[in-house]
Amino acid sequence: MNAIVAVCQDWGIGYQGQLLIHNKADMHSFVEHTTGGTVIMGRTTLEGFPGKRPLKNRRNIVLTRSPDYAVEGAEVVHSVDEALAAVAGDDPDHVWVIGGESVYRQLLPHCERAIVTKNDCLRPADAFFPNLDEDAGWHVASVEPGGQTKTGISFSFVTYERN
Ligand SMILES: NC(=O)c1ccc[n+]([C@@H]2O[C@H](COP(=O)([O-])OP(=O)(O)OC[C@H]3O[C@@H](n4cnc5c(N)ncnc54)[C@H](OP(=O)(O)O)[C@@H]3O)[C@@H](O)[C@H]2O)c1
């Protein structure tokens with residue numbers, strides 16, 4: 001299983017339910033990696049998507065503790081164990097944890113790889129991804145320069161792998 005995330009310098013990932021940076025190349029990379037696979041997300045992340053709708057061309061799994069929550073085009077699960085059971089038959093290379101903070105923190109221990117878009121800037125944030133640079137359990141496997149966003153923010157694609 002993989003995590004995929006976009007962070008700022010302090011590993012901030014979101015503020016008031018929204019992403020911190022608009023980065024088209026990052027969106028393309030996200031679509032390229034996840035299309036055809038399974039994405040697992042928290043209810044808050046789903047509701048931050050346009051129209052609060054699941055992602056096209058992917059199997060969507062949404063975590064919520066609400067017993068009656070339902071959303072067209074997604075499977076709803078109510079615990080981490082239920083989420084893990086739901087993807088047990090999938091190819092782990094094509095299962096993607098896509099956030100937000102609470103879901104990353106709970107599912108990262110089950111991930112072998114994290115694809116991190118690192119935006120070279122700081123923004124006010126209330127949601128963070130665990131800092132993998134300070135985690136002895138992970139190492140950088142590759143770094144690919146991404147270029148600059150429309151507003152001039154440099155970014156790179158960093159792949160971390162579990163040791
Ligand atoms: N930069 C990035 O790459 C990226 C990616 C994704 C999200 N984000 C950002 O992250 C922020 C959202 O993060 P978040 O932590 O607030 O929300 P979240 O993880 O998206 O969703 C939290 C919700 O998921 C459900 N949930 C979590 N753990 C569960 C469990 N063990 N069992 C059942 N349900 C569970 C609960 O839903 P209920 O309340 O319905 O019970 C919980 O309130 C937003 O700002 C978003 O933009 C950033």
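How do the residues of the shell around the ligand divide into nonpolar, polar and charged? In this predicted model, the split comes out at 11 nonpolar, 15 polar and 3 charged. The shell holds 29 residues, and the closest to the ligand are Gly-14, Gly-42, Thr-45, Gly-99 and Gly-100. Several pieces of secondary structure have a hand in it: strands E1 (2–7), E2 (12–15), E3 (18–19) and E4 (38–42), along with helices H2 (43–48) and H4 (101–107), each supply at least two shell residues.

Stepping back to the whole chain, the protein is built from 4 helices and 11 strands. Its radius of gyration is 15 Å, close to the 15 Å that the globule rule gives for 163 residues, so the chain is as compact as a globular protein of that length. Laid out along the principal axes, the C-alpha atoms fill a box of roughly 45 × 35 × 25 Å. Some 33% of the 163 residues count as buried. As for how the chain comes together, take the contacts with a separation of 6 or more: residues 24 or more positions apart account for 65% of them.

Next comes the interior. The largest nonpolar core has 35 residues, and the members touching the most other members are Ala-3, Val-5, Ile-40, Val-97, Tyr-104 and Ala-114. Two or more core residues come from each of E1, E4, strand E5 (59–63), strand E7 (95–97), H4 and strand E8 (113–119). E1 gives the largest share, with 5 residues. Ala-3 is a handy example of how this works: leaving aside residues up to four places away in sequence, Ala-3 touches Val-97, Tyr-104, Leu-108, Cys-111 and Ala-114. E1, E4 and H4 thus turn up twice, as contributors to the core and as suppliers of the ligand shell.

Helix H1 (residues 24–34) has two distinct faces to look at. Its buried residues are Asp-26, Phe-30 and Thr-34. These cover an arc of only 55 degrees around the axis, which puts them on the same side of H1. What does that buried side pack against? The partners are E1, E4, E7, E8 and strand E11 (154–162). On the face turned away from the buried side sit the exposed residues Lys-24, His-28 and Glu-32. After the helix comes Gly-36, with a positive phi near 90 degrees.

Two residues from the E2–E3 stretch round things off. Gln-16 lies in the loop between E2 and E3. Is Gln-16 buried or exposed? Gln-16 counts as exposed, because only 12 or fewer C-beta neighbours are needed for that label and Gln-16 has 9 inside 10 Å. In sequence, Gln-16 and Gln-148 are 132 residues apart, and in space their C-alpha atoms are 25 Å apart.

Leu-19, for its part, is found in strand E3. This residue has 18 C-beta neighbours inside 10 Å and so counts as partly exposed, whereas a buried residue would need 20 or more. Not counting residues up to four places away in sequence, Leu-19 touches Ala-6 and Gly-14, and Gly-14 is also one of the closest residues to the ligand. Gln-106 is 87 residues from Leu-19 along the chain, with 20 Å between the two C-alpha atoms.

Key
Residues are numbered from 1 along each chain as its sequence is written. This is a predicted model: local features need pLDDT of at least 70, side-chain atom pairs count only at pLDDT 80 or more; totals for chains, interfaces and linings use all residues. The radius of gyration is taken over C-alpha atoms; the globule rule is 2.2 Å times the number of residues to the power 0.38. Two residues are in contact if their C-beta atoms, placed from the backbone, lie within 7 Å. A residue is near a molecule or strand if its C-beta atom, placed from the backbone, lies within 6 Å of it. Ala, Val, Leu, Ile, Met, Phe, Trp, Tyr, Cys and Pro count as nonpolar, Asp, Glu, Lys and Arg as charged, and the others, Gly among them, as polar. A nonpolar core is a set of buried Ala, Val, Leu, Ile, Met, Phe, Trp, Tyr and Cys residues joined through C-beta atoms within 7 Å. The arc is that of the directions from the helix axis to the C-beta atoms.
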